[in-house]
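Hi there,

Here is the structure I promised to pass on to you. Please have a look at it first, and then read my notes underneath.

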Amino acid sequence: MGTATDTKTVHLAVYDTLADWETGHATAWLARAGYTIRTVGPVAGEPVTTLAGLRIVPDLALSDLDPEDSALLILPGAEKYDEGDELAPFTAKARTFLDAGVPVAAICGATAGLAKEGLLDDRPHTSAVSFYLAATGYKGGEHYVDTDALTAGDLITAGPTEPVAFAREIFARLGAYEGKRDAWYRLFQHSDPAAFHELNA
């Protein structure tokens, strides 16, 4: 088995109502950097349906996911995070990852899931807006930072409108695109033509 320091496998959580737009920049460009992206669902082989209606068949079940086999766990947003506790096992797994020193990246509704799990009570974090997380009843309001995306140790958080900044933070945490992350961000966030040449130099 690998460890967080030598594995090149990133695990992407997939579940019904997943917000399709939130993780594509990160996963596509990690794959281009040599990472293997594996999908993790409630049940291996049982399809989930995204907000767009796309069906994804998970590579493995959440219960079979071990932090030692992963470089990173990505938790996309999903409407189900706001509808109850069905996705609580995913945020419980995030706790297992963080306890093992393996990074977790959560965006949009997944940040509310982390808040309910108590994982944001003592860590700097961001999300869509502060009152969105406050509605969960969590105790971490004083640690909320109003920014596009944020890395605090092994935890990355972002709001739903910041998939590019989310990817930027993921690349930085994993050490991907050293020396080219700024150009990558400028290209995809600001359509800077000069950045295209820097990225492909």
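Below is what I found, going from the sheet to the helices, the salt bridges and a few single residues.

Before anything else, please keep in mind that this is a predicted model.

**The sheet**

Let me begin with the strands. Seven of them make up an open sheet, and their order across it is E5-E2-E1-E6-E7-E9-E8, with mixed pairing. At the edges sit strand E5 (60–61) and strand E8 (149–152), each of which pairs on one side only.

Strand E7 (residues 104–107) is a good place to start looking. Which of its faces are covered? Both are: Val104 and Ala106 are buried on one side, and Ala105 and Ile107 are buried on the other.

E7 has a parallel partner in strand E6 (residues 72–75), with three bridges between the two. If you want to find this pairing in your viewer, look for leucine 73, which stands opposite valine 104, and for leucine 75, whose bridge partner in E7 is alanine 106. To get from E6 to E7 the chain runs through helix H2 (residues 88–99), and this β-α-β crossover is right-handed.

E7 also pairs with strand E9 (residues 155–158), again in the parallel sense, and here there are four bridges. Alanine 106 turns up here too, standing opposite threonine 157 in E9. So you can use alanine 106 as a landmark, because it stands opposite threonine 157 and is the bridge partner of leucine 75, while being buried with under 20% relative accessible area.

Out at the edge, leucine 60 belongs to strand E5. With a relative accessible area of 11%, leucine 60 is buried. The C-alpha atoms of leucine 60 and glycine 45 are 7.1 Å apart in space, while the two residues are 15 apart in sequence.

**Helices H2 and H3**

Two packed helices are described by the angle between their axes and the distance between the axes. For H2 and H3, the axes come within 9 Å and cross at roughly 70 degrees. That makes the two helices, H2 and H3, roughly perpendicular. Their crossing is right-handed.

A salt bridge also links this pair of helices. It joins glutamate 117 and arginine 95, and the closest N and O atoms are 3.0 Å apart. Glutamate 117 is in helix H3 (residues 109–117) and arginine 95 is in helix H2, so the contact ties together parts that are 22 residues apart in sequence. How accessible are the two partners, glutamate 117 and arginine 95? Glutamate 117 counts as partly exposed at 23% relative accessibility, and arginine 95 counts as partly exposed at 30%.

**Other salt bridges**

How many salt bridges does a search of the whole structure find? The search turns up nine. Besides the one described above, these may be useful to look at:

- Glutamate 169 and arginine 168 form a salt bridge, with 2.9 Å between the closest N and O atoms. Both glutamate 169 and arginine 168 are buried.
- Glutamate 178 and arginine 181 meet through their side chains in a salt bridge at 3.5 Å, N to O. Glutamate 178 counts as exposed, at 55% relative accessibility.
- Asp182, Arg186, Asp192 and Glu198 are joined into one network by salt bridges that share partners.

**Two backbone angles to check**

Most residues other than glycine have a negative phi, and most peptide bonds are trans. Against that background, I noted two residues with a positive value.

Cysteine 108 has a phi near 60 degrees, which is positive although the residue is not a glycine. Cysteine 108 lies in the loop between E7 and H3, and it is buried, with a relative accessible area of 17%.

Serine 191 has a phi near 55 degrees, again a positive value in a residue other than glycine. Serine 191 is found in the loop between helix H6 (181–190) and helix H7 (193–199). Is serine 191 buried or exposed? With a relative accessible area of 58%, serine 191 is exposed.

That is everything I have for now. Happy exploring, and do write back with any questions!

Best wishes

Terms used:
Residues numbered from 1 in each chain as written. Predicted model: local features only at pLDDT ≥ 70, side-chain atom pairs only at ≥ 80, totals over all residues. Heavy atoms only, no water. Buried < 20%, exposed > 50% of the residue type's maximum accessible area, 1.4 Å probe, protein only. Pairing = 2+ DSSP bridges. Right-handed = clockwise from strand over helix to strand, strands pointing away. Salt bridge = Lys/Arg side-chain N within 4 Å of Asp/Glu carboxyl O. Axes fitted to C-alpha atoms, helices over the stretch in contact; angles between N-to-C directions. Parallel < 35°, antiparallel > 145°, perpendicular 65-115°, else oblique. Left-handed = near helix turned anticlockwise from the far one by under 90°.
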